There are 2 protein chains.
Amino acid sequence: MNIYDISKAAGVSIASVSRVINGADNVSEKTRKKVMDIIDEYGYTPNAYARGLGRGSMKTIGIMCSDSSDIYLANAIYYLETDLRKNGYNSILCCTGYDLETKKASFDLLKSRQVDAFILAGSKYVEKDPADNQYIIDGAREHPVMMVNGCIEADGIYSVRSDDKGGMKEAFTQLHESGAKKIIYVYSSDSFSGEQKIEGIRAGAKKCGIPEENLRIVKGKKSYGDIAELLEAEYEKEAFDSIIASSDTSGIGAVKFAVNHKLRIPEDIQIVSYNNSKLAEASTPELTSVDAKLEEVCQKTCDALMKLLNPPLDENGNALAVSIPARTVVKTKLVKRATTRF
Amino acid sequence: MNIYDISKAAGVSIASVSRVINGADNVSEKTRKKVMDIIDEYGYTPNAYARGLGRGSMKTIGIMCSDSSDIYLANAIYYLETDLRKNGYNSILCCTGYDLETKKASFDLLKSRQVDAFILAGSKYVEKDPADNQYIIDGAREHPVMMVNGCIEADGIYSVRSDDKGGMKEAFTQLHESGAKKIIYVYSSDSFSGEQKIEGIRAGAKKCGIPEENLRIVKGKKSYGDIAELLEAEYEKEAFDSIIASSDTSGIGAVKFAVNHKLRIPEDIQIVSYNNSKLAEASTPELTSVDAKLEEVCQKTCDALMKLLNPPLDENGNALAVSIPARTVVKTKLVKRATTRF
DNA sequence: ACAATAAATGTAAGCGGTTACAGAGAAGAA
DNA sequence: TTCTTCTCTGTAACCGCTTACATTTATTGT
């Protein structure tokens, strides 16, 4: 069932059918009705590829993420997909894993799908070796690239992220003000935002007058159990009275450590985690967590993208140049729950 | 940069370029090299739409799910997407929400994208009113529809799901054998698998010789807090000594109720949840949970789909008819942790 | 009633590939 | 050398749509 079949059945030209399905205003009511009746009768759905070929845009955004089952990314995908669809855009999702070659392959695949833009969700897309980011920089010459919580400096690459540095600084400061003397920071992944968070911890320490050498920053693996064990080992070395975790997942590991160790929360030990995902509330006791404002980040990402992709037109119908900020930083918010005394 | 540009630059015809990029074997080494060199130099990526138009299949599967941020669905999406991509297929994701009209619109959208098949992830796609499933049944006449944890009886619709009934029956039985006298079942969503689970509870009760009227089955909202409150209210009415929850989310609500109420887990109250997602381990204490074997379910879904889409060929190159089971049921496994005495 | 103008419709040329088919060249056989 | 056969390459039609432009039909004013 294609446009020819419909045009034949309706007794009009394919151009008229095209006009009807695209809601053009220069079609007579009679024609529109004839065509719509036939379409309803046969249940015709226009072929999006042919459409895209014909008009040069598929109204499709390519979303890359490392692992859609990660709760943070799962939320991001949901917000992005929903928001884009509201704007008439579809999304193609690629879960790339963490391997550079797979990421590149996915990027190519999305290119072949003629996506109008890329969204790289999560900060895993900034490689330590700048040369490894080249494929993104090259891609950005053809299509806008939006980085959610990542940041690469290049033309056509836009970044919207939460203020991880500020968020961590606030967490540290609050903890310190509530009487914490010995704070340990646990994290589990190196990435762009991972670095920002550490900077935030450092900034907090500085503000609180805590010397660099007294700062304890430890790296563990991703699972609850591993984080709990790591903290156990660290506690053996030297006790601490507060834990800041780089994610809610790590925060839960911290809770498990405290419970195993029979430390009372928050009397003996305070815990602050990051992201304020559903996990923070799932924990018992519920985690005090820095809300990374993911929904807002995603929404601003879409807004900016829509502006880029659908620039306002001048009186002659020419696209006006739009300028959107290369970086947008969204303020975080500390959400107080049961694992802290403040 | 299109196939004409490449053919011009390489000094060959577009047919030769096409052959090279498709790995045809009837191209001379010389030609292949010329073309590949040009492609590498200019970084050409074939337009997938034009390709799909030309050959009638886009090697794309449409995945529908209600809400990708749901931890269960997020995992399903990850497994499906990864598995499909391994088989050379891409996926387009639609988060449809729970509204029938949106679901239909998404289905149409995927049709317009010429997907080779549909995967409906999650059991929300089976409506109570059979007439409302018609759009799926109609769609299945053109393309295979795989339902992950749902089941509609019709040609072209295949279902792979976990044995929710059996899983719940086992949970009930085990709880009963470990001394539970008063078991309450909490759930939070009506759906195909929701019904299966209740049937399982009933079957368990029957097996244990518990009369229908002593069965307590209550429905709550989705959030941890709501489930906890609901249980609180029920406990006021009449105490119970065990909780079975329809999901890990509800299980966490149950834990919160128990902790708030100062009931010791598992001495005073036992809890079994369902899915065995990361949430089960995130809980403190960790939840005993029925593993729904989601990964296996997804993998079997992809396997079946690949068989359907790429049937074996006979000596004349004609597709042989393949028959795959209309329903596949995957056995669940009770994973014992800290919220039960067994 | 008729020209001038506006509105509706149709024609045909792309969009970027695939592929059946024909044609050219090279290699082998007689 | 000439005819066959086989391998490689190119031409052109097609996939299903959009859209600029040409053409037809309807509307308006005088």
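The residues of the surface near DNA strand C, where near means having a heavy atom within 4 Å of the strand, divide into 13 nonpolar, 11 polar and 3 charged; in this classification Ala, Val, Leu, Ile, Met, Phe, Trp, Tyr, Cys and Pro count as nonpolar, Asp, Glu, Lys and Arg as charged, and the others, Gly among them, as polar. The model is a predicted one, in which local features need pLDDT of at least 70 and side-chain atom pairs count only at pLDDT 80 or more, whereas totals for chains, interfaces and linings use all residues. Residues are numbered from 1 along each chain as its sequence is written, chains are lettered from A and ligands numbered from 1 in the order in which they are written, and side-chain values use heavy atoms, with hydrogens and water left out.

Of the 27 residues around DNA strand C, those that come nearest are A:Ser13, A:Arg19, A:Thr31, B:Ile3 and B:Ser18, and on the side of the strand sugar and phosphate make up 64% of the atoms that come within 4 Å of the protein. A backbone N or O atom of B:Ile3 lies 2.6 Å from a phosphate oxygen of the strand, while a polar backbone atom of B:Ala50 is 3.3 Å from a base nitrogen and a backbone N or O atom of A:Gly54 is 3.4 Å from a base oxygen. Two or more residues of this surface come from each of α2 (14-21) and α4 (48-55) of chain A and α1 (3-10), α2 (14-21) and α4 of chain B, the elements being DSSP runs numbered from the N terminus (helices H or I, at least four residues; strands E, at least two). The most is given by α4(B), with 5 residues.

Turning to the two protein chains, 48 residues of chain B are in contact (heavy atoms within 4.5 Å) with 47 residues of chain A. The area buried between them, that is, the accessible area (1.4 Å probe) lost on being put together and summed over both, is about 4,100 Å², of which carbon and sulfur atoms give 55%. In chain B, the residues that lose the most area to chain A are B:Tyr49, B:Arg113 and B:Thr284, together 18% of what that side buries.

Across this interface the rule finds 2 salt bridges, each a side-chain nitrogen of Lys or Arg within 4 Å of a carboxyl oxygen of Asp or Glu; the side chains of B:Glu286 and A:Lys256 meet in a salt bridge at 3.3 Å, N to O. By class, the side of chain B that touches chain A has 20 nonpolar, 16 polar and 12 charged residues.

Definitions and conventions:
Buried area is the accessible area (1.4 Å probe) that two parts lose on being put together, summed over both. A polar contact is a pair of N or O atoms within 3.5 Å; within protein, one must be able to donate a hydrogen and the other to accept it, and residues adjacent in sequence count only if both atoms are side-chain atoms.
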